[in-house]
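Trainee: Hi! Could you walk me through this structure while I have it open?
Mentor: Happy to, go ahead and ask.

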Amino acid sequence: MTLTSEMMTRIKQLRAQLNSYSHQYYVLDAPTVPDAEYDRLYRELEGIEKDYPEAVTLDSPTQKVGAPPLASFSQVSHELPMLSLDNAMNNDELTDFNRKVRDRLKGLLAEGQELEFACEPKLDGLAVSILYEDGQLVQAATRGDGSTGENITLNVRTIKNVPLTLQGIDFPKRLEVRGEIYMPKAGFEKLNQNARENDDKVFANPRNAAAGSLRQLDSRITAKRPLEFCAYSIGIVSDEFTLPTKHGEILQNIKRWGLKINSDMAIVEGIQACVDYFSELGRKRDNLDYDIDGIVFKINDLDIQQQLGFVARAPRWAIAAKFPAQEEMTLLEDVDFQVGRTGALTPVARLKAVHVAGVMVSNATLHNMDEITRLGVKIGDTVVIRRAGDVIPQVVTVVIDRRPASATDIIMPTNCPVCGSKVERIASEAVARCSGGLYCGTQRKEAIKHFASRKALDVDGLGDKLVELLVDAGLIDSFDDLFHLRLEDVAKLERMAEKSAQNLLDSLEVAKTTTLGRFLYALGIREVGVTTAQNLADYFGYLERIQNADEATLLAVPDVGEIVAQHLLAFFAEPHNQSIIEQLQKAGMNWPESEPVSAEESAELPLAGKVYVITGTLAEMGRDDAKQYLQALGGKVTGSVSAKTHCLVAGEKAGSKLTKAQGLGIDILDEAGFIDFLRLHGVSGV
């Protein structure tokens, strides 16, 4: 094929765009497009250069790794280049990688012999090299362009899980450990929360946060960031040191010398086992404590690695299999404002539909007007959206250089789009709210949905659609109306019949008997979640005492601060709310009330002072019920596993929390064992 001028122009365009995106990603820590967009352009250029090898130049993005180092850091030349990896975007490409490897090894493998692979989660962070001499950390550097990186020694020394001195005595005189510096999800969320509270920069994702933290010129700032290091290979090793012959064994040596390796890595035989591992980690991905964007598969045998060798930018013995992109780029076509249960108006981006993480996405949250201002987003912009697991898709950044002249500002409506009531915003809050209260149809519907929800009264058969039908038909306007429904009226509704109507009425009758904690949560008092509601019930014992409590008394309740106390006072001071509670009790709602448990009595409970974590799916009971059982016995239930955790209750499909608990040697109960445990402690009805 002849290289045309049009094709040469396209090659130059692709190289310029890729170099620009690479600079933004690696140097500025401010990417403007998702990885998937970069990968598409890169593969297009790679395909063209394959068809036209005469067009390949040394400065092409396909011939280098990353980008040049920042001028503000001194430079480090890598004695052994830090190469990148080729990517596999699906199982077919992963299988093709295996075929090519086997073709190159013809005559060296026995008939039917399977290759052994090391499988490692591909952490989404910043690749670094750490050099130890005589067991002492002497240098750390970024990958940079693969040949030259940035000297980040002072910053890396501040990372808590990076040892300044290697453990043991059998390590090489010179040892270069390579790995990824990243920010765990919990640390990332806390960092961003603090940034929002202090009007500081909010990071788009954990990778950006890690890179930005690592490139601080003041290492005292880096020391305050929740960074971690995970090793995945070695570089330079003293000549006198004899390495193991398997990659997995080298990683175990690294672990023995005091450096972290990934606990989810595995050694498998055959490409089908690699495919299975990829699928399994894909299912666990959203439950991991850290972000990964794929799996790295490496031939485990170092002799075979050496025989396979390298191409220009990557080893032939390894490949990165990528998960579906969690970030994508699309067009923001319009913005609607949705009204929630408390009247909060939430801006929702209407997008040109795009596949993200395997799902077609056409809507994304913009949170509130402060977030819109922070993003600087307008209608008509090209935006990057992110979707991870079941998290609602959100707009994370704007591609400013693609903004059209016709882009328009997003403006908060002055009147509620549902009922026309005035929209108000309290100066201390980020959220604007409809002032219509239960006059607003949406607020009325959402309040009743919440009242009947699983963690509230748990009315079986009363789903969101049925609530909307009941409100639209004029059968209910308030909570207590639910308990005055007539069989003949409900049976006339769309898709209802006498049997299903009777089932609903029976469920409502059962729901009349509840607990004080559930009742408080069901009322929908702002900022009063399940835990706070239960704490109030435990502390006061009687609803009347909560209704009559002053601010000082409320502040004595665990998990109740000034804001929650003010919401409680305002709710119970409202005559309309007092009337609703009275009407609900007249309709037959009831719950056991008793004197609160004293501190002395709490200390005598069988699980007092013990910390529990619940994970996975419990088939015989809900996790909320399990939590209440443990709390009733005096136990504390938290959301994360740590050295302070006494026991983990693990249901089906338990993920990273189970793995972490096993690693810490924490007691673990499956559901059957948990039920026996409860019965042993006198809990009946399980």
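Trainee: What is the handedness of the crossing where α3 passes α9?
Mentor: The crossing of α3 past α9 is right-handed. Keep in mind that this is a predicted model.

Trainee: Okay, and at what angle do the axes of those two helices cross?
Mentor: Roughly 150°, with the axes of α3 (residues 91-104) and α9 (residues 271-284) coming within 10 Å. Because of that angle, α3 is roughly antiparallel to α9; the cut-off for that label is over 145 degrees.

Trainee: Which residues make the contact?
Mentor: From α3 you have N91, L94, T95 and N98. On the α9 side, I271, C274, V275 and F278 take part.

Trainee: How does that contact break down by class?
Mentor: There are 5 nonpolar and 3 polar residues, and no charged ones.

Trainee: Switching topic to the sheet with β19 in it. What is the strand order?
Mentor: The order is β20-β19-β21-β22, an open sheet of 4 strands with parallel pairing.

Trainee: Which strands sit at the edges?
Mentor: β20 (636-638) and β22 (667-669) are the edge strands, and each of them pairs on one side only.

Trainee: And how much does the sheet twist from one strand to the next?
Mentor: The average is 30°.

Trainee: How many bridges join β21 to β22?
Mentor: Strand β21, residues 647-650, is joined to β22 by 3 bridges, and the two run parallel. If you want a pair to find on screen, L648 has I668 in β22 as its bridge partner.

Trainee: Which helices pack on this sheet?
Mentor: One of them is α23 (residues 623-632), which touches β19 (611-615) and β20. The direction of α23 makes about 170° with that of β19. Another is α25 (residues 671-680), touching β19, β21 and β22. Its direction makes about 95° with that of β22.

Trainee: Let's zoom out. How many helices and strands are there in the protein chain?
Mentor: The chain has 25 helices and 22 strands. Its C-alpha trace spans about 85 × 65 × 55 Å along the principal axes.

Trainee: What percentage of the residues is buried?
Mentor: Of the 686 residues in the chain, 49% are buried.

Trainee: Last one: among contacts with a separation of 6 or more, what share comes from residues 24 or more positions apart?
Mentor: Those residues account for 67% of such contacts in the protein chain.

Key. Residues are numbered from 1 along each chain as its sequence is written. This is a predicted model: local features need pLDDT of at least 70, side-chain atom pairs count only at pLDDT 80 or more; totals for chains, interfaces and linings use all residues. Side-chain values use heavy atoms; hydrogens and water are left out. Axes are lines fitted to C-alpha atoms, for helices over the stretch in contact, and angles run from 0 to 180 degrees between N-to-C directions. Angles under 35 degrees count as roughly parallel, over 145 as roughly antiparallel, 65 to 115 as roughly perpendicular and the rest as oblique. A crossing is left-handed if the near helix is turned anticlockwise from the far one by less than a right angle, and right-handed if clockwise. Contact means heavy atoms within 4.5 Å. Ala, Val, Leu, Ile, Met, Phe, Trp, Tyr, Cys and Pro count as nonpolar, Asp, Glu, Lys and Arg as charged, and the others, Gly among them, as polar. Two strands pair if DSSP finds at least two bridges between them. Buried means under 20% relative accessible area, exposed over 50%, partly exposed in between (1.4 Å probe, protein chains only).
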